[in-house]
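Colleague: I am new to this structure and would like a close look at a single part of it. Please take the place where two helices pack together, and set it in the context of the chain.

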Amino acid sequence: MMAQPFGALIIGSIAGIVSVVGYHHLSPVLSRKLRVHDTCGVHNLHGMPALIAGIAGALYCFLATEQDYGLRYNCC
């Protein structure tokens, strides 16, 4: 994708913030309400940032133009 370094820093910072906030606020809710205990923090460390990366990737695909990708834009 044509994510510039500044865009990658923004996406990574948002994913890091969501990961920390999710660990602090969401883990107790999951443990208390759903009785799911994530001992290693896999949900917050890998799951939620992966969702943010997927949404950002879909957004970059939606906003892509032929000027950004040149001849590689059309596959047909």
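Modeller: A helix here is a DSSP run of H or I with at least four residues, and a strand is a run of E with at least two. The model is a predicted one. With those terms, the chain has 3 helices and 0 strands, and its elements run α-α-α from the N terminus on. The chain has 76 residues, of which 16% count as buried.

The part in question is the packing of helix α1, residues 5-33, with helix α2, residues 42-63. UniProt, in an unreviewed entry, lists residues 6-26 as "transmembrane region". Over residues 6-26 the chain is 100% helix and 0% strand, and the C-alpha atoms at the two ends of that stretch are 28 Å apart.

As for the geometry, the axes of α1 and α2 are 8 Å apart and make an angle of about 140°. Angles over 145 degrees would count as roughly antiparallel, and those from 65 to 115 as roughly perpendicular; α1 and α2 are therefore oblique to each other. The crossing of α1 past α2 is right-handed. By class, 13 nonpolar and 6 polar residues make up the contact of α1 with α2, and no charged ones.

On the α1 side, the residues that meet α2 include Gly-7, Ile-11, Ile-14, Ala-15 and Val-18, and further along Gly-22, Tyr-23, Leu-26 and Leu-30. On the α2 side, the residues that meet α1 include His-43, Ile-52, Ala-56 and Tyr-60.

One residue of this contact can be followed in more detail. Ser-19 lies in helix α1. Its relative accessibility is 13%, and under 20% means buried, so Ser-19 counts as buried. Apart from neighbours within four places in sequence, Ser-19 is in contact with Asn-44, Leu-45, Met-48 and Pro-49. These four are among the α2 residues that meet α1.

Between the two helices there is a loop, and Arg-35 is found in it. Arg-35 has a relative accessible area of 76%; the cut-off for exposed is over 50%, so Arg-35 is exposed. Its phi is near 55°, a positive value in a residue other than glycine. Most residues other than glycine have a negative phi.

Finally, for the chain as a whole, consider the contacts with a separation of 6 or more: residues 24 or more positions apart account for 64% of them.

Note on methods:
Residues are numbered from 1 along each chain as its sequence is written. This is a predicted model: local features need pLDDT of at least 70, side-chain atom pairs count only at pLDDT 80 or more; totals for chains, interfaces and linings use all residues. Side-chain values use heavy atoms; hydrogens and water are left out. Axes are lines fitted to C-alpha atoms, for helices over the stretch in contact, and angles run from 0 to 180 degrees between N-to-C directions. Angles under 35 degrees count as roughly parallel, over 145 as roughly antiparallel, 65 to 115 as roughly perpendicular and the rest as oblique. A crossing is left-handed if the near helix is turned anticlockwise from the far one by less than a right angle, and right-handed if clockwise. Contact means heavy atoms within 4.5 Å. Ala, Val, Leu, Ile, Met, Phe, Trp, Tyr, Cys and Pro count as nonpolar, Asp, Glu, Lys and Arg as charged, and the others, Gly among them, as polar. Buried means under 20% relative accessible area, exposed over 50%, partly exposed in between (1.4 Å probe, protein chains only). UniProt positions are given in the numbering used here, feature names are shortened, and annotations may be inferred rather than shown by experiment.
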